[in-house]
Amino acid sequence: MYAALLFPERKAQIEKVFYREAKGKPRLRGVDFAALASQVSHASDDFIESVEWGRCGLVGFSVALCQLTSSLYFITRIKKAFPNLPIVVGGSTFGGDALRGLLETFPEIDAVVNGEGELPMSQLISHLMNSKSFDKMPPIPGVVTRKTMKDRTPAPFHQMASLSNLPAPDYDDYFHLLNTFS
């Protein structure tokens, strides 16, 4: 569905793929593609409109392969409404040559984190809090931008030496929510 929303000029081809894949799935056989696309669009618009994006200093997306198209749809919609809002992506989908292709194809993305994001994101956030711009950002290991991509060197990782220095995860909210179920 998000592919049809992200690339409306290819909607007919995407619909053919949808129906071809739906043949093997009884619950999808009778689905009206256009109606479903419209529902997904409205639900996505409702979510996008429910967030005060103008109050954000940065928007980040951690993306796994199955989330790529939907994330790109949200990214393009958010950036269209808030062109100065920095958008950063990372996650298991991005690495190697995929970083370059992503930045070339989607100008709405300002930076990509290659590898673990904790250290690069903390440095990126510190930089943006002080300068509000990617233009004068010094190279940050693990962060790829259009500017750093021009030198054609591989995007370095910036991994943590040891996870034992991190605080223990706090799962209290999860367990409180779990206790509300019967």
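**Exercise 1. Arg-55 and Glu-52**

Task: In this predicted model, find how the side chains of Arg-55 and Glu-52 meet, and state whether each residue is buried or exposed.

Solution.
- Step 1. Start with the pair. The side chains of Arg-55 and Glu-52 form a salt bridge, with 3.7 Å from N to O.
- Step 2. Check the cut-off. A salt bridge needs a side-chain nitrogen of Lys or Arg within 4 Å of a carboxyl oxygen of Asp or Glu.
- Step 3. Turn to accessibility. Arg-55 has a relative accessible area of 69%, so it is exposed.
- Step 4. Do the other partner. Glu-52 is exposed too, at 54%.

**Exercise 2. The other salt bridges**

Task: State how many salt bridges the model has. Then work out which parts of the chain Asp-45 and Arg-77 tie together, and do likewise for Lys-79 and Asp-110.

Solution.
- Step 1. Count. There are three salt bridges.
- Step 2. Take Asp-45 and Arg-77. Their side chains meet at 2.3 Å, N to O.
- Step 3. Place them. Asp-45 sits in helix H3 and Arg-77 in helix H4, so this bridge links parts 32 residues apart in sequence.
- Step 4. Classify them. Asp-45 counts as buried because its relative accessibility is 17%. Arg-77, at 28%, is partly exposed.
- Step 5. Take Lys-79 and Asp-110. Their side chains form a salt bridge of 2.6 Å, N to O.
- Step 6. Place these two. Lys-79 belongs to helix H4, and Asp-110 to the loop between H5 and strand E3 (111–113), so the pair joins parts 31 residues apart in sequence.
- Step 7. Classify these two. Both Lys-79 and Asp-110 are buried.
- Step 8. Add the charge totals. The chain carries 19 positive and 19 negative side chains. The centres of the two sets are 8 Å apart.

**Exercise 3. The overall layout**

Task: Describe the chain by its helices and strands, their pattern along the sequence, and its buried share.

Solution.
- Step 1. List the elements. The protein chain has eight helices and four strands.
- Step 2. Read them in sequence. The pattern is α-α-α-β-α-β-α-β-α-β-α-α.
- Step 3. Give the extent. The C-alpha trace spans about 50 × 50 × 30 Å along its principal axes.
- Step 4. Find the buried share. Of the 182 residues, 32% are buried.
- Step 5. Look at the surface. The accessible area is about 12,000 Å², and carbon and sulfur atoms hold 57% of it.
- Step 6. Look at contacts. Among those with a separation of 6 or more, 60% join residues 24 or more positions apart.

**Exercise 4. The nonpolar cores**

Task: Identify which residues of the largest nonpolar core touch the most other members, and which element gives the largest share.

Solution.
- Step 1. Name the residues. The largest core has 25 residues, and Phe-61, Val-89, Leu-102, Ile-109 and Val-112 touch the most other members.
- Step 2. Trace the suppliers. Elements giving at least two residues each include helix H1 (2–6), helix H3 (33–50), strand E1 (59–62) and strand E2 (87–90).
- Step 3. Pick the top one. H4 provides five residues, the largest share.
- Step 4. Find the separate core. Another core of ten residues lies apart, with Ala-111, Met-121, Leu-128 and Ile-140 among them.
- Step 5. Follow one residue. Beyond its sequence neighbours within four places, Val-112 contacts eight residues by name: Val-89, Phe-94, Leu-99, Leu-102, Leu-103, Gly-142, Val-143 and Val-144.

**Exercise 5. Three loop residues**

Task: Locate Phe-94, Thr-145 and Gly-57, and decide whether each is buried or exposed.

Solution.
- Step 1. Phe-94 is in the loop between E2 and H5. It is buried, because its relative accessible area is 8%.
- Step 2. Check its surroundings. Contacts of Phe-94 beyond four places in sequence include Val-63, Leu-68 and Asn-114. The C-alpha atoms of Phe-94 and Val-113 are 7.8 Å apart, with their positions 19 residues apart along the chain.
- Step 3. Thr-145 is in the loop between strand E4 (143–144) and helix H7 (146–149). At 5% relative accessibility, Thr-145 is buried.
- Step 4. Beyond four places in sequence, Thr-145 touches residues including Asp-110 and Phe-134.
- Step 5. Gly-57 is in the loop between H3 and E1. With 55% relative accessible area, Gly-57 is exposed.
- Step 6. Beyond four places in sequence, Gly-57 touches Leu-85 and Pro-86. Gly-57 and Asp-46 are eleven residues apart in sequence, and 21 Å apart from C-alpha to C-alpha.

How values were computed: Residues are numbered from 1 along each chain as its sequence is written. This is a predicted model: local features need pLDDT of at least 70, side-chain atom pairs count only at pLDDT 80 or more; totals for chains, interfaces and linings use all residues. Side-chain values use heavy atoms; hydrogens and water are left out. Buried means under 20% relative accessible area, exposed over 50%, partly exposed in between (1.4 Å probe, protein chains only). Contact means heavy atoms within 4.5 Å. A nonpolar core is a set of buried Ala, Val, Leu, Ile, Met, Phe, Trp, Tyr and Cys residues joined through side-chain atoms within 4.5 Å. Accessible areas come from the Shrake-Rupley method with a 1.4 Å probe; for residues, only the protein chains shown count as cover. Lys and Arg count as positive and Asp and Glu as negative; His and the chain ends are not counted. The place of a charge is taken as NZ of Lys, CZ of Arg, CG of Asp or CD of Glu.
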